[in-house]
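Reader: I have a model open and would like to talk it through with you. Could we go step by step?

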Amino acid sequence: MSVHRCVYLLSRSHIRYRVCASTAAVANNTTLHPTRRTFENLSCRHSSSYSSSKPLDTSLFVPLTVRSDEVSSGAVGEELTQPLDKSELLKVLNRFYKRKEMQKLAADQGLDARLFHQAFVSFRKYVLEMNSLNADLHIILNDICCGAGHIDDIFPYFMRHAKQIFPMLDCIDDLRKISDLRVPANWYPEARAIQRKIVFHAGPTNSGKTYHAIQRFLAAKSGVYCGPLKLLAHEIYEKSNDAGVPCDLVTGEERIFVDPEGRTSGHIASTIEMCSVTTPYEVAVIDEIQMIKDPARGWAWTRALLGLCAEEIHVCGEAAAVDFVTELMYTTGEEVEVHNYKRLTPFSVSNHAVESLDNLKPGDCIVCFNKNDIYSISRQIEVRGLECAVIYGSLPPGTKLAQAKKFNDPDDPCKILVATDAIGMGLNLSIRRIIFNSLVKPSVNEKGERELDTISTSQALQIAGRAGRFSSVFKEGEVTTMQRDDLTVLKEILGKPVDPIETAGLHPTAEQIEMFAYHLPQATLSNLIDIFVSLAQVDGLYFVCNIDDFKFLADMIQHIPLNLRSRYVFCTAPINKKQAFVCTSFLKFARQFSRDEPLTFNWVCRHVNWPLAPPKNIKDLVHLEAVHDVLDLYLWLSYRFMDMFPDANLVRDIQKELDGIIQVGVRNITRLIRATEDQSASPETATSVRLPVLDTSSLRRGRGSKNQRKEPSVTDSSLSSRLVQDGLLTKELLQQLQKEWVREQNGGDSNSANKGKRKKK
């Protein structure tokens, strides 16, 4: 009887083996969408993407743990045969692992070398550590150990185990189809159902291209403006209503309806991420189209260009984007009408660098790419008895506008502006001369890696174009550098043509990620995104945007119980992950949300410690900016989860009050810098390790110059005090580090003294 049972089980395992061996490997080629075939020969770079699927990055596959309580018939195997010899069994398993035929057969089933090894390690552990195995597997292993079976008979059981720990092997075809991003134009059926007219207004800054597009927007019965910044959307909102055209404002954090009863107006000014691709309009305006190549936000411009349901799409931007937009519109069968514009007022590159802050003149704007340089230069300007305005990216919009108004006011003694490249868009400024303090800017590439590189021609022109605006006091602009060595480089940059745009950004949608999660229910959101990007197939016109910030937030709240859709929405929140207080607040918001406890106004006030006092130093100012970002986050979430963030109006009121407090701080920024310097020199931090402050200008291209040494150092603050200010180090830890450092120094001195004595001897 037991012999027949063994024969039966063996025959069943061989049948399984034949079935496994005969199944086709995971298909690599995906059928082309019919609508795409007409454009297959558009260019070489397009057709190459269709020849084969994207190689699978199996390093993203996280093996699951197989539960040990799954076996119900384990004792049957021992009853039919005998207990297994673990040492002999280990030898058998290792022989199986080394067989090339098994590795090749596993590769045909989707297990590459990495997955094969991981699956084998898990399978070996499972076999050796289980108290009892399934009867059929126990009998197979016993026969092999006794010399009555073939080692290849293990394969079907190995594959069964592999698919338990890597469930994606059974659904890889479905995952590839979900992540197929090769025809994004088909995602927008409403836009494809109409024949749209595309008008490209091409020109440099201050050429009137956006003005002409807005005139058409105002003349239409309905329209939507899509801009990259809240400031730009707010400007169009005000211009439209001032012109007698009712217009609503829609940004991530704010909704303003002109109609007292809250009915939607025919015209809407919005940030580009917030535009609707299902609402029909007569005219749509997409501003700064060259940002379609932005590694992080490019997807929003792609979505607007392909998806806006408007009879006319007016696109504004650099001429370098014309060919690409025209090519992109081939895929939708829409023609592009191009209107070219020239700059209304000239600007020239000076033959002389400024070299010293003593040479500043009214109407000068010093552009820095580092907030610390802004603090430094504004302090040095104040030492010379001059007053300056300050604008940088993390300031609230109201504060930026207040500083711009202060600088533009001819009756205000403030005649100099110190700013980052935040002035490149969204602010009307009366600048006579742009002065580049540096030509090196930190950036993030498409892979999410931080780089320090010379600014591009496009960036340089965007900033330089702010000098001598048509509507400003200065009808001619001038551009130069602070350092003499940089001037030649600037001329080279501005003399080059702008690099043509070649690709547009895409981003996985919530629906696509939900479908992924259906197939991989045990995977984390961060892991789902990684696998999606790994499998994503795009043609030569597109790239998948960088999702590092998304993954950062996903990992931060992974331990908090949230449904997938809510988790996805939280992770798309626009927050500054460099600010520790903002990240902490994001975490607390998610935790409170998961408990189904509304985040009330009182709860928020307790969290941010409202009311807040005016800043006494730079650290206080930075904290107030972070609090403003936290309130922005609350408002952003309030439009996605209204019942859980119910007090948006009250929060907006205190945010406006906070904006005023920050404005006071920025107006007195040099006083705050002095207070920070005094704090650094106080007895509490006097024992801190004093380090010279690095002058980044001397590292611009790996060389310095005599002129670069003329200016005083950036600040007198030490590295340790800056770490404390930024919240990266507590005073207690600092004191402990100081004691250890002194101890090490004393130890080092005594050791060197002993060495000296030994040498004398």
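Author: Happily; what follows is a set of questions and answers on this predicted model.

Reader: Let's begin with the overall make-up. How many helices and strands does the protein have?

Author: The chain has 761 residues, and 50% of them are buried. Its secondary structure comes to 31 helices and 18 strands.

Reader: And what share of the contacts with a separation of 6 or more comes from residues 24 or more positions apart?

Author: Here the count leaves out pairs with a separation below 6. Among the contacts that remain, the share from residues 24 or more positions apart is 77%.

Reader: What part of the exposed area do carbon and sulfur atoms supply?

Author: The protein exposes about 36,100 Å². Of that area, carbon and sulfur atoms supply 53%.

Reader: On to the open sheet of eight strands. Which are its edge strands?

Author: The strand order is E4-E3-E5-E2-E6-E7-E1-E8, with mixed pairing. An edge strand pairs on one side only, and that holds for the strands at residues 255–256 and 336–340. They are E4 and E8.

Reader: In which sense do E3 and E5 pair, parallel or antiparallel?

Author: Strands of a sheet pair through backbone hydrogen bonds, and both senses are possible. Strand E3 covers residues 247–250 and strand E5 residues 267–271, with four bridges between them. Cys247 has His267 as its bridge partner in E5, while Leu249 has Ala269. Both partner pairs belong to a pairing whose sense is parallel.

Reader: Leu249 interests me. What is its bridge partner in E4?

Author: E3 and E4 form a hairpin with four residues between them. These two strands run antiparallel and are joined by two bridges. On the E4 side, the partner of Leu249 is Ile256.

Reader: Are the faces of E3 covered or open?

Author: On one side of E3 sit Cys247 and Leu249, and on the other Asp248 and Val250. These four residues are all buried, so by the under-20% rule for relative accessible area neither side counts as exposed. Both faces of E3 are covered.

Reader: Now a residue in E6: why does Val283 count as buried?

Author: Val283 lies in strand E6, residues 281–286. Its contacts beyond neighbours within four places in sequence include Phe217, Val224, Ala310 and His314. A residue is buried under 20% relative accessible area, and Val283 qualifies because its value is 0%.

Reader: How far is the C-alpha atom of Val283 from that of Val224?

Author: Along the chain the two residues are 59 residues apart. Val224 is also one of the residues in contact with Val283. Their C-alpha atoms are separated by 6.6 Å.

Reader: Is Lys406 buried or exposed?

Author: Lys406 has its place in helix H17, residues 397–408. Leaving aside neighbours within four places in sequence, it touches Glu387, Cys388, Asp412 and Cys414. Its relative accessible area is 13%, under the 20% limit, so Lys406 is buried.

Reader: Let's look at aromatic rings. Why is the pair of Trp187 and Tyr188 called tilted?

Author: The count of aromatic pairs comes to 19. In the pair of Trp187 and Tyr188, the ring centres are 6.4 Å apart. Trp187 is partly exposed at 30% relative accessible area, whereas Tyr188 counts as buried at 11%. Planes under 30 degrees apart would be stacked and over 60 edge-to-face, so the pair is tilted because its planes are at 55°.

Reader: And which class does the pair of Phe570 and Phe593 fall into?

Author: Phe570 is in helix H23 and Phe593 in helix H24, 23 residues apart. Both residues are buried. The ring centres are 5.2 Å apart and the planes at 65°, so the class is edge-to-face.

Reader: Which residue of H25 belongs to the cluster of linked rings?

Author: Six of the eight residues in helix H25 are buried, and Phe601 and Trp603 are among them. Their cover includes helices H24, H26 and H27. The ring cluster includes Phe570, Phe593 and Tyr634, and from H25 it takes in Trp603.

Reader: Finally, which residue lies over the face of Trp636?

Author: One charge over a ring is that of Lys577, 5.3 Å from the ring centre of Phe552. At Trp636 the distance to the ring centre is 3.8 Å, and the residue is Arg640.

Note on methods
Residues are numbered from 1 along each chain as its sequence is written. This is a predicted model: local features need pLDDT of at least 70, side-chain atom pairs count only at pLDDT 80 or more; totals for chains, interfaces and linings use all residues. Side-chain values use heavy atoms; hydrogens and water are left out. Two strands pair if DSSP finds at least two bridges between them. Buried means under 20% relative accessible area, exposed over 50%, partly exposed in between (1.4 Å probe, protein chains only). Contact means heavy atoms within 4.5 Å. Accessible areas come from the Shrake-Rupley method with a 1.4 Å probe; for residues, only the protein chains shown count as cover. Rings of Phe, Tyr and Trp (its six-membered ring) pair if their centres lie within 6.5 Å; planes under 30 degrees apart count as stacked, over 60 as edge-to-face and the rest as tilted. A charge sits over a ring if NZ of Lys or CZ of Arg is within 6 Å of the ring centre and within 35 degrees of the ring normal.
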